[in-house]
Amino acid sequence: MIKRWLTGLGAGLILASAGATPLSSGQHSLLQGFLMRGCVKRTPASDGVGQHSSEQVQKYCQCASQHLAGRFSSEEVMGVLTGQIKKDDPRGKQRMKDASAACAQYLETP
């Protein structure tokens with residue numbers, strides 16, 4: 001489940017470079033919204049047994065998208081959009097794993 005979300009967001013994640021320009025608050029909000037929608041879409045939810053509730057998925061995705069959006073620079077976003085930074089960049093995958101680990105408590109069963 002988390003793996004699907006990580007794969008889906010791979011295109012948007014890369015390692016920050018020194019001296020990079022931080023995102024404006026508007027850019028940060030747009031990026032977080034994009035990441036949030038991708039996370040919710042790729043993290044199955046159900047009120048049934050064995051899957052996470054919709055509330056759990058919402059909390060997890062809110063946490064993870066906030067975590068990730070705060071680690072992007074303007075240059076990184078442009079690199080992804082222009083194709084200079086590829087979705088399979090191993091540094092981006094590590095960033096996604098870090099966000100997933102930081103927010104995993106929201107997917108734990110009560």
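**Entry 1: helix 2 and helix 3**

I began with the crossing of helix 2 and helix 3, which I noted as right-handed, and I keep in mind that the model in front of me is predicted. I then looked up the geometry of this pair: helix 2 covers residues 25-42 and helix 3 covers residues 54-69, and the two pack at an angle of about 140 degrees with their axes 8 Å apart. I therefore wrote down helix 2 as oblique to helix 3, since angles over 145 degrees would count as roughly antiparallel.

Next I asked myself which residues make the contact. From helix 2 I listed His28, Leu31, Gln32, Leu35, Met36, Cys39 and Val40, while from helix 3 I listed Val57, Gln58, Tyr60, Cys61, Gln62, Ser65, Gln66, Leu68 and Ala69. Sorted by class, the contact of helix 2 with helix 3 has 10 nonpolar and 6 polar residues, and I found no charged residues in it.

**Entry 2: helix 3 and helix 5**

I turned to helix 5, residues 90-103, and saw that its axis and that of helix 3 come within 9 Å and cross at roughly 135 degrees. That angle makes helix 3 oblique to helix 5, and I recorded the crossing of these two helices as right-handed.

On the helix 3 side, the contact is made by Tyr60, Cys63, Ala64, His67 and Leu68, and on the helix 5 side by Arg95, Met96, Asp98, Ala99, Ser100, Ala102 and Cys103. When I looked up the classes, the contact of helix 3 with helix 5 came out with 8 nonpolar, 2 polar and 2 charged residues.

**Entry 3: rings**

Arg95, which I had already listed on the helix 5 side of that contact, also lies over the face of Phe72, at 5.3 Å from the ring centre. Finally I asked how many aromatic pairs a search of the whole structure finds, and I noted the result as 0.

Terms used: Residues are numbered from 1 along each chain as its sequence is written. This is a predicted model: local features need pLDDT of at least 70, side-chain atom pairs count only at pLDDT 80 or more; totals for chains, interfaces and linings use all residues. Side-chain values use heavy atoms; hydrogens and water are left out. Rings of Phe, Tyr and Trp (its six-membered ring) pair if their centres lie within 6.5 Å; planes under 30 degrees apart count as stacked, over 60 as edge-to-face and the rest as tilted. A charge sits over a ring if NZ of Lys or CZ of Arg is within 6 Å of the ring centre and within 35 degrees of the ring normal. Axes are lines fitted to C-alpha atoms, for helices over the stretch in contact, and angles run from 0 to 180 degrees between N-to-C directions. Helices (H or I, at least four residues) and strands (E, at least two) are DSSP runs, numbered from the N terminus. Angles under 35 degrees count as roughly parallel, over 145 as roughly antiparallel, 65 to 115 as roughly perpendicular and the rest as oblique. A crossing is left-handed if the near helix is turned anticlockwise from the far one by less than a right angle, and right-handed if clockwise. Contact means heavy atoms within 4.5 Å. Ala, Val, Leu, Ile, Met, Phe, Trp, Tyr, Cys and Pro count as nonpolar, Asp, Glu, Lys and Arg as charged, and the others, Gly among them, as polar.
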